[in-house]
Amino acid sequence: MAIRFLNTYTRQLEEFRPLDPAGKSVKLYTCGPTVYNYAHIGNFRAYLFEDLLQRHLQARGYEVNRVMNLTDVDDKTIRGCQAAGLPLAEFTQKFKDAFFEDLKTLRVQPATTFPSATDPVYIARMIEMIAHLVEHGYAYQAEDKSVYFRLNKFPNYGKLAHLNLDELRPSGRISNDEYEKESIGDFALWKAWDAADGDVVWDSPWGKGRPGWHIECSAMSTALLGPEIDIHCGGVDNIFPHHEAEIAQSECCTGHRFVRVWMHCAHLMVEGQKMSKSAGNFYTLRNLLDKGYTGREIRYVLLSVNYRLPLNFTFESLAGARSALSRIDEWVERLTTQAASETNASGHPLAAQMRFEEALDDDLNISAALGVLFDIIRESNRALDQNALTPADARALLNWWNRVNAVLQFQREETAIPQTVLELVEARAAARAAKNWAASDEIRAQIDAAGWVVKDSKEGQKLTRK
Ligand code: AMP
Ligand code: ZN
């Protein structure tokens, strides 16, 4: 079965085919955090959905070139640094460091590149793009000295968010980074300096000022990934105005279709409301770690609901994650014991293992994928209870689990047995069966060198970490 994703732009499930003529590499742009505060777990829902996407594409053999930007200059970061009485770069650095730490805690695979908007290379690129837009009549400098995108020059404006521009009647100009659909109008590409910006300022052909938020992503995406990319992601709140503006700016600059597939995750909710900093109903990752939950449990909660569905955050769901993960841990432990043993259990290999990947091929259907995993756990536990799972089957299941875990990242760290060690155990079982004690001892030394201890008991080999 081919991979299919729901494209926000067309509202259709579409078969995924990368732009790369060799069909190997995938260009992925994911809007990153605005570093004016600690990211809340709603933000991390978006980053975890993107992590699942990246890991699944990799499991299917693609090489993913992923860019995640850091918005380190915009309306919010400027307000934040002034309130803190710090230079902008010093203020945002603290939240950048915290963000990278949080990604590690949640086992998110780092992007290939994490560009910052204030990097001089990208500021220059933003200015270059805006100049091109002005030159070709897509943008103009207004009396307030700011530069605006001319909405009526781009007839596709509104297609991503499915807006009816006739009804909305765009009028006036907008200089804020965020606004509602009702106040739609020409939006700012370059904001002329005013006193509220303090010392956050760059020179430009239009005088002193700073970039608007939207042009930042257009500049970083086209600079690092070229004019056309395969997939662009974010949360649904990014659709308008941010992604709509990105399309307009990028396409008028490059003349290419900016993005093939747009994917947006639904919000993380708290008691029926979007979790957000402005509503004040948010938890940061750190809040939950302080309450004794682990990164792995929080990862489980945020990943376990299909990304297009709203996820209602509750403490019961964290308790549910804890028990689901301990079921996985116990199962892996039982399989590990069985894999190394020499019992003469007779059984049959469990079918249906391929269904995990196939479920994710279907627009990242994680509930179906977890359903497959827990079915396998139930069946193999039953087989173990009845001494009907052979050590070879247990090893095959552990191999399968290693593959599944490369995507899910749910394994308890201490019990993760590397593939190489599993293979050594298997080779040692064969050596012992052939009564080749010298080979068996040699392999035991190799297992030891890899950080694991193998002991022989009546039931066979027992594996523990050194
Ligand atoms: P921001 O730092 O506000 O630019 O947001 C960073 C990312 O988190 C964006 O992709 C947002 O769409 C996403 N996001 C913000 N709030 C939520 C939420 N409650 N649930 C899911 N994603 C969110
Ligand atoms: Zn963005």
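**A zinc site and helix α4**

At 1% relative accessibility, C217 falls under the 20% cut-off and so counts as buried. Keep in mind as you read on that this is a predicted model. H242 is buried as well, its relative accessible area being 1%.

What do these residues do in the model? Together with C31, they are the protein donors of the zinc ion (ligand 2): C31 and C217 each offer SG, H242 offers NE2, and the donors lie 2.0 to 2.2 Å from the ion. Along the chain their spacing reads C-x185-C-x24-H. Because C217 sits in helix α6 and H242 in helix α7, this pair ties together parts that are 25 residues apart in sequence.

Now let's turn to α4. This helix covers residues 120-135, 16 in number, and spans 22 Å from its first C-alpha to its last, close to the 22 Å expected at 1.5 Å a residue. Its buried residues are Y122, I123, M126, I127, M129, I130 and L133. Looking down the axis of α4, you would find them within an arc of 160 degrees, so they line one face of the helix. An α-helix has 3.6 residues a turn, so residues three or four places apart point the same way. On the other side of α4, P120, V121 and E135 are exposed.

Which elements cover the buried residues of α4? Among them are α6 (213-225) and α7 (239-254), along with the strands β5, β6, β8 and β9.

The ends of α4 deserve a look too. At the N-terminal end, D119 acts as a cap, with a side-chain oxygen 2.9 Å from the backbone nitrogen of V121. After the helix comes G137, which has a positive phi, near 80 degrees.

Conventions:
Residues numbered from 1 in each chain as written. Chains lettered and ligands numbered in written order. Predicted model: local features only at pLDDT ≥ 70, side-chain atom pairs only at ≥ 80, totals over all residues. Heavy atoms only, no water. Helix = DSSP H or I, 4+ residues; strand = E, 2+ residues; numbered from the N terminus. Expected span 1.5 Å × (residues − 1). Buried < 20%, exposed > 50% of the residue type's maximum accessible area, 1.4 Å probe, protein only. Arc of directions from axis to C-beta. Contact = heavy atoms within 4.5 Å. Polar contact = N/O pair within 3.5 Å; in protein donor to acceptor, adjacent residues only side chain to side chain. Donors = N, O, S within 2.8 Å, 3.2 Å for Na, K, Ca; no water.
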